[in-house]
Amino acid sequence: METPVAVACVLIKSTVPVLRLYFEGQEDLKTDFRMSREAMNVLMRNLEVPKRHGWELELEVLILIYWLAHGASYSVVSRVFGMPKTSVLRAVHKIADLLLAIQK
């Protein structure tokens, strides 16, 4: 049986336009994420971590990149992704910490 988080991820991916662009589309991501699809793929490969609980890594990375690209508040990003504001805040901080760890 799938976990509630896994079910939520599937629903979010299929109903949120900015996520459909990433997961289903072949269009360039620069308009929404200020990164090319190729650059996003490189970033995703470099951030691979062992399976963990919570939201999918790709979703959390997209949240951080969108937040950085638009200089938007957690509330705005929460509405764009259809997620609770606390989930957006945690994703931003978690992925930012992973990026900083790569830099060291």
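The exercises below, each with a worked solution, concern a predicted model of a protein chain.

Residues are numbered from 1 along each chain as its sequence is written. Because the model is predicted, local features need pLDDT of at least 70 and side-chain atom pairs count only at pLDDT 80 or more, while totals for chains, interfaces and linings use all residues; side-chain values use heavy atoms, with hydrogens and water left out.

**Exercise 1. The overall fold**

Determine how many helices and strands the protein chain has, and what share of its residues is buried.

Solution. Begin with the definition: helices (H or I, at least four residues) and strands (E, at least two) are DSSP runs, numbered from the N terminus. Under this definition, the protein chain has seven helices and zero strands. The pattern along the sequence is accordingly written α-α-α-α-α-α-α.

Next, consider burial, where buried means under 20% relative accessible area, exposed over 50%, and partly exposed in between (1.4 Å probe, protein chains only). Of the 104 residues in the protein chain, 35% are buried.

Finally, consider contacts, meaning heavy atoms within 4.5 Å. Among contacts between residues at least 6 apart in sequence, 49% join residues at least 24 apart.

**Exercise 2. Two residues compared with the cut-offs**

Classify Leu21 and Leu68 as buried or exposed, and explain why.

Solution. Leu21 is found in helix 2 (residues 17–23). Its relative accessible area is 15%, so Leu21 is buried. Leu21 touches Glu27, Asp28, Leu29, Asp32 and Arg37, not counting residues up to four places away in sequence. One of these, Asp32, is 11 residues from Leu21 in sequence and 9.2 Å away in space, C-alpha to C-alpha.

Leu68 has its place in helix 5 (residues 57–70). Its relative accessible area is 52%, so Leu68 is exposed. Between the C-alpha atoms of Leu68 and Val92, which are 24 residues apart along the chain, the separation is 9.2 Å.

**Exercise 3. The packing of helix 4 and helix 5**

Describe how helix 4 and helix 5 pack, and state which residues make the contact.

Solution. Two packed helices are described by the angle between their axes and the distance between the axes. Axes are lines fitted to C-alpha atoms, for helices over the stretch in contact, and angles run from 0 to 180 degrees between N-to-C directions. For helix 4 (residues 37–46) and helix 5, the angle is about 125 degrees and the axes are 11 Å apart.

The next step is to name the orientation: angles under 35 degrees count as roughly parallel, over 145 as roughly antiparallel, 65 to 115 as roughly perpendicular and the rest as oblique. Helix 4 and helix 5 are therefore oblique to each other.

The contact involves Met40, Leu43 and Met44 of helix 4, together with Glu58, Val61, Leu62 and Ile65 of helix 5. To sort residues by class, Ala, Val, Leu, Ile, Met, Phe, Trp, Tyr, Cys and Pro count as nonpolar, Asp, Glu, Lys and Arg as charged, and the others, Gly among them, as polar. The contact of helix 4 with helix 5 thus has six nonpolar, no polar and one charged residues.

**Exercise 4. Helix 7 and its partners**

State how helix 7 is oriented towards helix 5 and helix 6.

Solution. The axes of helix 5 and helix 7 come within 8 Å and cross at roughly 90 degrees. These two helices are therefore roughly perpendicular to each other. By class, their contact has 12 nonpolar, no polar and two charged residues.

Helix 6 (residues 74–81) and helix 7 pack at about 105 degrees, with their axes 8 Å apart. Helix 6 is therefore roughly perpendicular to helix 7. Their contact has five nonpolar, three polar and one charged residues.

Ile95 is found in helix 7. With a relative accessibility of 1%, Ile95 counts as buried. It touches Leu47, Leu57, Glu60, Val61 and Leu64, not counting residues up to four places away in sequence.

**Exercise 5. The salt bridge**

Identify which residue forms a salt bridge with Lys94, and state where the two residues lie.

Solution. A salt bridge is a side-chain nitrogen of Lys or Arg within 4 Å of a carboxyl oxygen of Asp or Glu. The structure holds one salt bridge. Lys94 forms it with Glu60, and the closest N and O atoms are 3.1 Å apart. The pair links distant parts of the chain, with Lys94 in helix 7 (residues 85–103) and Glu60 in helix 5, 34 residues apart.

As a last step, compare accessibility. Lys94 is partly exposed, at a relative accessible area of 32%, whereas Glu60 is buried, at 2%.
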